[in-house]
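Me: I would like a close look at one part of this structure, the place where the ligand sits. Please walk me through what surrounds it, and then through the sheets.

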Amino acid sequence: MSARLSNATLRDLPADVARPAYDRAALGHGIVHLGLGAFHRAHQAAYTDAIIAAGDTRWGITAASLRSPDTRDALAPQDCLYALEQRSQTGQIAVIGSITDIIVAPEAPAALIARMAHPQTAIVSLTVTEKAYCRDPASGALDEADASIRHDLANPQAPRSVFGFLAAAIAARRAAGLAPFTVLCCDNLPCNGQTVHSLLLRFASLRDADLAAYVAGEIACPDTMVDRIVPATTDTDRARIATRLGVQDAWPVVAEPFTQWVIEDRFTAGRPAWENAGATLTHNVAPFEAMKLRLLNGSHSAIAYLGYLAGHETVADAMGDAAIAAFVATLMDRTTPTVALPDLDRYKASLLDRFRNPALRHRTWQIAMDGSQKLPQRILGPVRDLLARDLPIDCHALTIAAWMRYVAGMDERGQPIDVRDPMAAELARIAASTGPQPERLAPALLNVSAIFGDLCTHPVLGEAVAQALACLTQDGARRAAAAYAG
Ligand code: CS2
């Protein structure tokens, strides 16, 4: 089979594959999206596809990769079309048509700024992962020493960072007398809209005070809670999907059936009626976001570190391990008092089901990535709230201990771990200097203030993590999980 998915081959797809029935050439340029990963393609682009299909053709998406050309190279020859497969027993497939253009930012920064400054662009959305926000993970402040921030301040017309692009495009729109776009962060950060607004404001103030005043007064950054589990696409996925489609798709995406999007309804230049595609538009996203970041993502990180150490390749494999599944349920129960929503039992039960989905091969290694950027909001936020209320933090301490063992770089069978994290080198250096003895490793890693902030010196946390790491080192991840499960 050599034919490729494209506008021309859409009509040949099997009848059970949903596909755009709208005129893609007639779509407007309403949205520019920064960060063309699988998550965007399985989530916001799919919601937007449904809105376009219902007749509002203003919202074509220009998607930008901020680093690599890989996705553009895969999707450009297929007219930016791709298949989205829902992985469960059934495996429905839809071809998504909402992405109309792809720009690789390092190749064409001016073209990206120009598209962001296009009169039709009303929304610039972002899924760039936690580390691309160049923030100090513990304090949340802009890391002004970050190389890309310094580069962008020196080269405002050829930026590299999200803030460089946003500031350049905001300034260009302003100079052209155009209304500002709304900045829609769709990453797993606490109060993601407010967070991006304050980082952008800080960046703009380093560029010029006038631009900063404009950002402060005119740029809206609504908060969002985004949720869908989207594992990295594998060659097995590609082969299975090509068989279903009858044509090749160089980069399809696979996702669980569940999807949720809660959006603060604060857009300055209009928005798609995403509520008609299942999104919730509200005035206060914070409780939903805490629920999702702390219960889903916090559990995910625990499954990733404990599961990986115990030798489980995927989340579903780890959840098939009774000790780890029981630990995750206890961790969620311990976290629940820190989430200001009632009746979380059904939500927690649904998370356990989603984690068990055997059709998703979501690698523990994938989720374990960038832990230094993830632990603060997923695990340490709840720890602070629990400590303030004198509630138990033992399960959170075991999760931190499992992260410590993971970033120390050796699994339980003595095999090296490929640790991917912007702080990997620093963490490895610390681990090498202390050796694996828990009584030395735990305090040394807990002392990394960029991650633990004020918790570095908290005696209760220090003691709990030291104990958890001792248990983990002596008994291994499975037995430690069983010991901590309630
Ligand atoms: C995961 C998330 O990789 C990770 O860190 O926890 O990508 C998670 O799958 C999504 O946030 C689910 O909505």
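Reply: What follows starts at the ligand and then turns to two sheets. Keep in mind that this is a predicted model.

Begin with the shell. Which residues are around the ligand? From the earlier part of the chain come Asn188, Val226, Asp227, Arg228 and Ile229. Then come Lys292, Asn297 and His300. His362, Ile367, Lys374 and Arg378 complete the list. Sort these residues by class. Five are charged, four are polar and three are nonpolar.

Now look at the ligand's oxygen atoms. Where do polar side-chain atoms come in? In Asn188, a side-chain N or O atom is 2.9 Å from an oxygen atom of the ligand. Lys374 places a polar side-chain atom 2.8 Å from a ligand oxygen. For Arg378, the distance from a side-chain N or O atom to an oxygen atom of the ligand is 2.8 Å. How much of the ligand does the protein bury? On its own, the ligand exposes 350 Å², and the protein buries 87% of that.

Next, ask which elements build the shell. Strand E8 (224-227) supplies at least two of its residues. So do helix H10 (286-309) and helix H15 (371-388), with at least two each. Which element gives the most? That is H10, with three residues. The domains share the work too. Domain 1 (10-282) provides at least three shell residues, and domain 2 (286-484) also provides at least three.

Now to the sheets. One is an open sheet of five strands. Read across, the order is E5-E2-E1-E6-E7, and the pairing is parallel. Why is one side of E5 and of E7 left without a neighbour in the sheet? Strand E5 (99-104) and strand E7 (182-185) stand at the edges and have a single partner strand each, so one side of each has no neighbour there. On average, neighbouring strands of this sheet are turned by 20 degrees against each other, direction ignored. Look inside the sheet at strand E1 (residues 31-34) and strand E6 (residues 123-126). They run parallel and are joined by four bridges. One place to find this pairing is Ile31, whose bridge partner in E6 is Ile123.

Another open sheet has three strands, in the order E4-E3-E9. Its pairing is mixed. The edges are strand E4 (93-96) and strand E9 (253-255), and each pairs on one side only. From one strand to the next, the twist averages 25 degrees. How do E3 and E4 run, parallel or antiparallel? Strand E3 (residues 82-86) and E4 run antiparallel, with four bridges joining them. Tyr82 shows one such link: its bridge partner in E4 is Ile96.

Notes. Residues numbered from 1 in each chain as written. Predicted model: local features only at pLDDT ≥ 70, side-chain atom pairs only at ≥ 80, totals over all residues. Heavy atoms only, no water. Near = heavy atom within 4 Å. Polar contact = N/O pair within 3.5 Å; in protein donor to acceptor, adjacent residues only side chain to side chain. Areas by Shrake-Rupley, 256 points an atom, 1.4 Å probe, with all protein chains shown as cover. Nonpolar A, V, L, I, M, F, W, Y, C, P; charged D, E, K, R; others polar. Domains from an automatic or database assignment. Pairing = 2+ DSSP bridges. Axes fitted to C-alpha atoms, helices over the stretch in contact; angles between N-to-C directions.
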